[in-house]
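Got your viewer open and a selection box ready? Let's take a walk through this one, stop by stop.

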Amino acid sequence: MVTLGYESVPGDRFATAKTGKSLPVRALLTKIEQNTRLDRVGDPLQRAVQAVLRPQRIRDLLHGVPLGHPLHPAMVQVPVGSWISAAILDLMPGQRRAATTLTAVGTVSALPAIVAGLNDWAALAPDQRRVGLVHAAANSVALACYAGSLAARFSGQHRLGRALGMAGLGAVSLGAYIGGHLAYKQGAQVSQSISELHLISQGWHPLGDMASLPQRQLITREIDDVSVILYRHGDDVTVMLERCPHQSGPLGQGEVQQVDGHDCVVCPWHGSTFRLNGGEVVHGPSGNDGQVLPTRIRNGMIEARLP
């Protein structure tokens, strides 16, 4: 009989993972993801955000649709950079005025970043919204600390202003850690379709006969078990990954609509809309473009490959 080596290892050898200092933090974040009691606050807040940010054009702008990727991560660079710089200046002699100016710049610039973040948050899945709620709470504490710091500095209480600034920096750093979990572990506002490119092998892949492809209808095919949609408009054929970048919705089940003179596919789950002649996102909540594959017609056969 052939053995695989690990059969002789005692049964409890791998029963528990070695504990480390970071394990309680990870466990806490997992509990936050699963804590449905946070929905008592999150659900009404979500409805309020959606009611206030009702115009589609405003939501698209805050999602980063004109940029082709989310706007919120770019906007937070100004407040965070200003606050970190203010903390450094607070440790240097003779820099009170500069530190106060940077604290003010960070506090004011945080407000539009918060609005963009809330707009993204309102379109997330429930487990993501729970973590996002705690992320927003930490950042709200930070903003309150910096507002107090700014008031103290203006009134001449620079020692109190420095203390509140350092407290705010600690809170915003915690918020950034939670935001990293939200983005990189939970995939919030990260393109959900792009990872499928790594499952497609190199080279051209046949997808069917051009003559049999109907005009202006969505057709679903597979390349190496990766689902793609085909759309023919005249002699032009678009091949796009079927998974919606926002929350993996099935674009193959979506509706084709005309938007600004372009044929677009609308995700059936949350309404993200993408041009079928280039993949550009035209309406959120997705802030990312759809992934289009290069195509060619060879001997009457439609073929596609990796970009």
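The expected span of a helix is taken as 1.5 Å times one less than its number of residues. Keep that rule at hand for the opening stop, and bear in mind that you are looking at a predicted model.

**Stop 1: helix α5**

Select residues 77–90, which form helix α5. With 14 residues at 1.5 Å a residue, α5 should span 20 Å, and its end C-alpha atoms are indeed 20 Å apart, so the two agree. Now colour P79, S82, W83, A86, A87, L89 and D90, the buried residues of α5. They cover an arc of only 165 degrees around the axis, which puts them on the same side of α5. What do the buried residues of α5 pack against? Show α4 (72–75), α6, α7 (126–154) and α8 (158–185), and you have the partners.

**Stop 2: helix α8**

Move on to α8 and try the same kind of check. Its 28 residues should span 40 Å, and the end C-alpha atoms of α8 lie 39 Å apart, which agrees. The buried residues of α8 include several glycines, among them G161, G165, G168, G175 and G179. H158, L169, I178 and H181 are also among the buried residues of α8. Their cover includes α1 (23–34), α5, α6 and α7. Just after α8, click on G187: its phi is positive, near 75 degrees.

Stay in the loop between α8 and β1 (205–209) and pick V190. V190 is partly exposed, with a relative accessible area of 35%. Leaving out residues up to four places away in sequence, V190 touches A183, P245 and N288. For a distance label, try V190 to I302: their C-alpha atoms are separated by 30 Å, and the two are 112 residues apart along the chain.

**Stop 3: two helix crossings**

Select helix α3 (residues 56–63) together with helix α6 (residues 96–121). Their axes come within 9 Å and cross at roughly 105 degrees. That makes α3 roughly perpendicular to α6, since angles of 65 to 115 degrees count as such. Show side chains for R59, L62 and H63 of α3, and for V115, A116, N119 and D120 of α6, to see the contact. Those residues divide into three nonpolar, two polar and two charged.

Next, take helix α2 (residues 39–52) with α7: the axes come within 10 Å and cross at roughly 90 degrees. Here too, α2 is roughly perpendicular to α7. The contact brings D39, V41, G42, D43, L45 and Q46 of α2 to R129, R130 and L133 of α7. By class, the contact of α2 with α7 has three nonpolar, two polar and four charged residues.

**Stop 4: a strand residue**

Zoom to T273, in strand β7 (residues 273–275). Is T273 buried or exposed? T273 has a relative accessible area of 4%, so it is buried. Beyond its neighbours within four places in sequence, T273 is in contact with V259, C264, V265, V266, E280, V281, V282 and H283.

**Stop 5: backbone checks**

Most residues other than glycine have a negative phi, and most peptide bonds are trans. With that in mind, visit these loops.

- D260, between β5 (255–259) and β6 (262–266), has a positive phi of about 55 degrees and is exposed at 70% relative accessibility.
- N299, between β10 (295–298) and β11 (301–304), has a positive phi near 55 degrees and is exposed at 80% relative accessibility.
- P285, between β8 (281–283) and β9 (292–293), is joined to G284 by a cis peptide bond with omega about 20 degrees.

Note on methods:
Residues are numbered from 1 along each chain as its sequence is written. Side-chain values use heavy atoms; hydrogens and water are left out. Axes are lines fitted to C-alpha atoms, for helices over the stretch in contact, and angles run from 0 to 180 degrees between N-to-C directions. Helices (H or I, at least four residues) and strands (E, at least two) are DSSP runs, numbered from the N terminus. Angles under 35 degrees count as roughly parallel, over 145 as roughly antiparallel, 65 to 115 as roughly perpendicular and the rest as oblique. Contact means heavy atoms within 4.5 Å. Ala, Val, Leu, Ile, Met, Phe, Trp, Tyr, Cys and Pro count as nonpolar, Asp, Glu, Lys and Arg as charged, and the others, Gly among them, as polar. Buried means under 20% relative accessible area, exposed over 50%, partly exposed in between (1.4 Å probe, protein chains only). The arc is that of the directions from the helix axis to the C-beta atoms.
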